[in-house]
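Me: Hey, can you walk me through this protein? I'm new to this, so plain words please.
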Amino acid sequence: MTEDDIDEDAPIFAIAVAAELAGMHPQTLRQYDRLGLVVPARTQGGSRRYSLRHVEQLREVARMSSDGIGLPAIVRILELENRVQELHGRVRDLEDRMRAELEKRPGARVFAAGSTGSVVTLRQGTRVRRATEVVVWRPRTPIGQPGEPPGQTPGA
């Protein structure tokens, strides 16, 4: 089994193993958990379980801390990195769904708005007949100047 075979999000490491992999003391990991810096999964019995991603985050926290970055700033950086990971996953999912949709319906990739406002699928290379009607908008009541009662025309 290689490192590529392990799901990096699988919570498989006990606190002592994760601390050793990250080069930290287990008490530091507990403190980071309390602060919300790196929050591991929990077993039904309440024991902490760390994933490879957690171990990488712990190493990154240690590096940023040694570079002089404060813990609140590190918390925010980790939140943003987690959000980026989440969004990358969503993008991959949407790309997969789009690819599957295109494979199911080859040639049906162009859309237009119908006369009622509905979406109409067009075959590739098909053009929509453009409407040439002109619609003039007229208000039901004339628009007066500010301060005039509604319905009165200027100068009347």
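Reply: Sure, we'll go from the overall layout to a few single residues.

Me: Before that, what kind of model is this, and how are residues numbered?
Reply: This is a predicted model, where local features need pLDDT of at least 70, side-chain atom pairs count only at pLDDT 80 or more, and totals for chains, interfaces and linings use all residues. Residues are numbered from 1 along each chain as its sequence is written, and side-chain values use heavy atoms, with hydrogens and water left out.

Me: Ok, how many helices and strands?
Reply: The protein has four helices and four strands. Those are DSSP runs numbered from the N terminus: helices are H or I with at least four residues, strands are E with at least two. Along the sequence the pattern reads α-α-β-β-α-α-β-β.

Me: And how much of the protein is buried?
Reply: Of its 156 residues, 19% count as buried. Buried means under 20% relative accessible area, exposed means over 50%, and partly exposed is in between (1.4 Å probe, protein chains only). The protein exposes about 12200 Å², and carbon and sulfur atoms supply 53% of that. Those areas come from the Shrake-Rupley method with a 1.4 Å probe, and for residues only the protein chains shown count as cover.

Me: Which residues touch the most other members in the largest nonpolar core?
Reply: That core has 18 residues, and L29, L37, Y50, L58, V61 and L78 touch the most other members. The elements giving two or more residues to this core are α1 (15-22), α2 (26-35), α3 (52-66) and α4 (71-104). By "nonpolar core" I mean a set of buried Ala, Val, Leu, Ile, Met, Phe, Trp, Tyr and Cys residues joined through side-chain atoms within 4.5 Å.

Me: Pick one of them. What is Y50 in contact with?
Reply: Skipping neighbours within four places in sequence, Y50 contacts A10, P11, I12, F13, A14, I15, A18, L29, V38, P40 and L58. Contact here means heavy atoms within 4.5 Å.

Me: Switching to α2: which of its residues are buried?
Reply: L29, Y32 and D33. Looking down the axis of α2, these buried residues fall within an arc of 105 degrees, so they line one face of the helix. The arc is that of the directions from the helix axis to the C-beta atoms.

Me: What covers that face?
Reply: The cover over the buried residues of α2 includes α1, β1 (41-42), β2 (48-49), α3 and α4. After α2 comes G36, whose phi is positive, near 80 degrees.

Me: Wait, D33 is an Asp. How buried is D33, and what does it touch?
Reply: D33 has a relative accessible area of 10%. Apart from residues up to four places away in sequence, D33 touches V38, V39, P40, R42 and R48.

Me: What about H54, buried or exposed?
Reply: H54 is buried, at 14% relative accessibility, and sits in helix α3. Leaving out neighbours within four places, H54 is in contact with V38, V39, P40, A41 and R49.

Me: Cool. How many salt bridges are there?
Reply: Ten. The rule is a side-chain nitrogen of Lys or Arg within 4 Å of a carboxyl oxygen of Asp or Glu. One of them joins R53 and D9, at 2.5 Å from N to O. R53 lies in helix α3 and D9 in the segment before α1, so the pair ties together parts that are 44 residues apart in sequence.

Me: Are those two buried or exposed?
Reply: R53 is partly exposed at 22% relative accessibility, and D9 is partly exposed at 43%. There's also a network of salt bridges linking E8, D9 and R53.

Me: Which salt bridges sit inside α4?
Reply: Among them is E86 with R83, whose closest N and O atoms are 2.5 Å apart. Both lie in α4, three residues apart, about one turn of the helix. D96 and R99 also meet in a salt bridge, at 3.2 Å from N to O, and they too lie in α4, three residues apart.

Me: Last one: what does UniProt place at residues 77-104?
Reply: The UniProt record, an unreviewed entry, places a "coiled-coil region" there. UniProt positions are given in the numbering used here, feature names are shortened, and annotations may be inferred rather than shown by experiment. In the model, residues 77-104 are 100% helix and 0% strand, with the end C-alpha atoms 41 Å apart.
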